[in-house]
Amino acid sequence: MKRILLVLALLGCVACLAQVVYEAETVVVDQKKLLRGPRPANYRGWDFWETDVNRSWSGGGNVVRGAVVTRDLDPMSPDAFPIEFRIPAKDPVNTLHIKAARTIGVSLDGGKTFDRVTWSANYKDVKAKDGFIDVIVSNCFAHDEDPSECGNSYIDCFTVSPSTDEKKMGTIPNPKVNFPFKEVGTRIPIDQVRGYESIKDGKGTGKLTIEVPDDAAYQVALQCRRNVEFSMDGEKFAKARYLATVANDIKGKSVDVWLRPYRGNDGPAYVEYVLLAPPKARGRSTPFDGAAKTRVIEPLGRSVTPIPSGDGVLVTWRLLREDPPNASFDVFKGEEKLNSTPIATTCDWFDPNGKPGDTYTVRPSAGQSGKSGTGKVWEAGYKSFKFNDSEISTFNHVGIGDLDGDGEYDFVFKTPGTNIDPWDAYWYPSKTPYHLKAFKSDGTHLWTKSMGWGNETGVWYSPFVVYDFDGDGKAEIAMKYADGDPRTPEGHVISGDEFLVVLDGMTAKEIARAPWPSREGFANYNLMSRNQLSMAYLDGKTPCLIALRGTYSLMKAEAWQLNNGKLENVWMFDNVGLPREYQGQGAHSTIVADLDGDGKDEILLGSMALDDNGTVLWTTGLGHPDVMHLSDHDPDNPGMEIAYCIETPQPKNGICLVDARTGKVLWGWGEPTTHVGAGTCADFDPTRPGTELLAVELHGRKEFWRKIFSCKGEVIGTKNISNSRSVYWDADLEKEAVSGRNVKDYFGRALDGRIEGGVIAVCDLYGDWREEIVTWLPGEVRVYSTPHPAMDRRVALMQEHSYRTSALNGSQGYYHVPDLPYLPSIESDNFSLTMKSARHCQVAVSASRHAPLKGTVTIGKSPAAPDLSFEPAKFSVDLKPGEVKVVDVSLRGSVSQAVHIPATLSRDGGSSLSGRFYVTPLKVLPILPADRLLPAKSFVSQSGGEVFIADGRPIAADGCVAGWDKEGHSLTWEIVVPAAGNYAVAWVYAAKDNSARTLEVNGKNIGEIKFASTGGFGVEEEQWSVARTATLPLNAGKNTFKMVNAKGISLNLAYVFLEKK
């Protein structure tokens, strides 16, 4: 037996010697075509990447790297950068294996024909000429496999062996490959598995029979390349990626597995071995009883908030969970009591004589106990936080928590607003580390803390959250952190220790640290650089930190509690070896809530949920969602649901509603989807019970379609409404949209036009239950609160646990507004007033699900607009529980300025609900006649990126330039004017965030043009605005305008306007 093994070993050595591996960079014919040194951001050719961030994949950590290709090119065109390799070959006829990444073009006939090669290729019977094999590689093909894998193309190495060798699957790849997973178990070489003969040629379909011992229950997996498909029945095949689990809990029997090459292969498939591993322990096997003796409660004050409103001041305050059901309040200005009867139906009071400088106090009415509060009028109509640092002009996220324990929310701002993505197509080196800046609610600056060079400046590298983790009544800051400067020469962070660090909220002094989930096991830099951080009450009483790594494939979660100044591990989870439906289910954000009703929190990672003990609660297997919202979306389904828009291509259910307790799909869009990459879900239509889901299908970076779904899955519209941030703002119980400078009804006109800056947060921070809007402008953050009187009251939204955890998670990942676990419009009577147009109004009245509603609606008049009238101005309602009545109302007359028209729903036998129409003049953009406009899409050249033209936007009848989001990306126009002279220049644009562009005219630097946020990218009229430059001298005839993206922030441009002065 020993002799036989020795012979096999010697034969294996001979086979290895027959193969010769050549690193790609060593066999480039023209080394001048291979850039060495730092790769400029706009460089499109090949470079020698000697600090490969994916070292576990490439041989020796070195590759020849090409640019990202988004569309197919002529292989021999200069834009495709064809490059020649000359590979030594001692034998006249050879087998040539090319190891690459993503998609390239390969020619063996001098460039006459090119094969499309994805990841690897194997060529048999390749003839050598004069001892060499000549290969031309062209960077000419767009990668069209998994969208999450798109990025730079790479050439790693060439392997040459005599064609007389019989190649086993798994022996041809570069022997230096270190597969990314650390396995625990027994490896069985593929050629020792029964059935190997049926697959060894890498063609067709073969069957393996794997014998599993009876000493334990094993997990059965295949170590393979990404281009293998497997089946357990010979009919239904799934794609295997790296380490693919094919069976679980198998003991003492055989497992049949059918294998075949992936349909898109350009060469043979590879399987290296079978792995038999005992089931992996995940999560926690014993109940967790955390450090908290009782549930940690965030103490809140009364938060009296006086806001200028019309000709007076609107005072609002919190209703707290600990207040009695019959709580009532009195309002004082100084020592003067303003109300004659206790205020018991709302938490607001309008003072028509209020003015800047006034101070108001709210107290429980006589005979009642509870908290009091005092507040001074917000003189500017918003709360402002100013930053003296000259370099602080943009903001990324804001963390919200009570740092000093006074019952009011304080703020931790993350700056600058840079957001580098780990994907190769978007990555660039960080210019400065992130800094956290803490401010008390009154504007006092507490401290500034660098997040360090160990966190690159993008949301995926640098999560942080703010909450009271130790139960002392004051919030701490938790964040991902690394000591020192571990960057490579190019700027990547791929090594060095990383930590979960907890800081004192008042001083930023470090309290505790623990290891961050490791980089081990991730296939590449993009995948390993996806980090998130959250908080969950895993035992129902103790707030625990959840550190997360991985989104698109491998996913890790580690739970910690802060106990006596130390971080203690609660459990760990990863999905290594779990079946396909557990892989790549992560999202761009994290949601925490009690999904199964056991009083303890679960963690919604995306399309998969973890139970409180760190085990899988359920998975849909749908893949990576770009949008997810948790709420009681469908009032007819018990409990909460999750609304999804799925990025991963789906034959169906790319848009769906899922039961939060079970993960069951309640309904799904039945058509195929490619990339549902944008959307929002909120209760924004008062005529329908439940929420509405807006979903946007993207093809590449372009919008393909958008649809609006009811909570039952019906397509109820395709109107070009915005997926702007939603907000509870006016008196009614459905949500409004933050659109440009306006807050507006989704299907109506603007309510307010005073919001400035890019929105970074929406949540209930101050005053009554309506939400605040947090925006940023250069060097400043503002908090806006509603000026509209309320019609009813409810407990502060931040005291709803899942809403509070969602607001907490808003400081990391991609931001989404927090969702309530219930819908106010379903739980309470709703009285909604919407201006649909300048002449058309809508009144929607709905009864709560708990009781019928009977009463009378009356529309009043405003002294500021006595000529306005409504028809009908009065009507009755008689509704069953949950029923809705909609009445269209005509408006007669016009206004030259905005006015409020009061309306009342008088409920029989009960209190009244009050609201108001906000009637405004029709908005007209200050744009001169169309024959003086030059469509922005008529640019003559661009450099440093590639924009596209978006059609169908209001205002932009000729289409608009979109996707202009890379720093240094320039557009050039040639504009002809009939005569020399001075011209006024204006730009019609839309921008979600504050942006800037530098301008050159005829080679002269004009300077930087600032474009203030309009609240969106122009899908609604309100999201367009005009930016003007100084009067410019122009030549008769052709003039060259060159505009450069100065800060890497996106901007849509519709027209350039010139007027001779």
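**View 1. Aromatic rings gather into a cluster in this predicted model.** Ring pairs link Phe385, Phe387, Phe395, Phe411, Phe413, Phe439 and Trp776. Six members of the cluster are phenylalanines, and Trp776 joins them. In the model, the count of aromatic pairs comes to 28.

**View 2. Two charged side chains sit over aromatic rings.** Arg363 places its charged end over the ring of Phe332. The distance to the centre of that ring is 4.3 Å. Lys414 does likewise with Tyr434. Here the charged end lies 4.4 Å from the ring centre.

**View 3. Helix H3 is largely enclosed by the rest of the structure.** H3 spans residues 801-809. Of its 9 residues, 8 are buried, so the helix is largely enclosed. Which residues of H3 are buried? They are Ser802, Tyr803, Arg804, Thr805, Ser806, Ala807, Leu808 and Asn809. What do these buried residues pack against? Their partners are strands: E26 (397-401), E30 (464-467), E34 (531-537), E38 (586-593) and E54 (758-763).

**View 4. Strands E28 and E29 form a hairpin.** E28 covers residues 435-439, and E29 covers residues 445-450. The two strands pair in the antiparallel sense. They do so over 5 bridges. Find Ala438, then look opposite: Trp447 in E29 stands there. Between the strands lie 5 residues. Gly443 is in this turn, with a positive phi of about 100°.

**View 5. Gly614 is buried in a loop.** The loop runs between strand E40 (608-610) and strand E41 (616-619). How accessible is Gly614? Its relative accessible area is 0%, under the 20% cut-off, so Gly614 counts as buried. Leaving aside residues up to four places away in sequence, Gly614 touches Arg282, Gly283, Trp571 and Phe573. Now find Asp574, which is 40 residues from Gly614 in sequence. The two are 9.3 Å apart in space, C-alpha to C-alpha.

**View 6. Two cis peptide bonds each lead to a proline.** Most peptide bonds are trans. One cis bond joins Thr415 and Pro416, with omega about 5°. Pro416 lies in the loop between strand E27 (410-415) and E28. Another cis bond joins Glu871 and Pro872. Its omega is about -5°. Pro872 lies in the loop between strand E60 (869-871) and strand E61 (874-879).

**View 7. Asp130 and Ser303 have a positive phi.** Most residues other than glycine have a negative phi. Asp130 has a phi near 55°, a positive value. Its loop runs between strand E7 (115-127) and strand E8 (132-138). Is Asp130 buried or exposed? Its relative accessibility is 71%, so Asp130 counts as exposed. Ser303 is not a glycine, yet its phi is positive, at about 55°. Ser303 lies in the loop between strand E17 (271-277) and strand E18 (305-309). Is Ser303 buried or exposed? Ser303 has a relative accessible area of 3%, so this residue is buried.

Notes
Residues are numbered from 1 along each chain as its sequence is written. This is a predicted model: local features need pLDDT of at least 70, side-chain atom pairs count only at pLDDT 80 or more; totals for chains, interfaces and linings use all residues. Side-chain values use heavy atoms; hydrogens and water are left out. Rings of Phe, Tyr and Trp (its six-membered ring) pair if their centres lie within 6.5 Å; planes under 30 degrees apart count as stacked, over 60 as edge-to-face and the rest as tilted. A charge sits over a ring if NZ of Lys or CZ of Arg is within 6 Å of the ring centre and within 35 degrees of the ring normal. Buried means under 20% relative accessible area, exposed over 50%, partly exposed in between (1.4 Å probe, protein chains only). Helices (H or I, at least four residues) and strands (E, at least two) are DSSP runs, numbered from the N terminus. Contact means heavy atoms within 4.5 Å. Two strands pair if DSSP finds at least two bridges between them.
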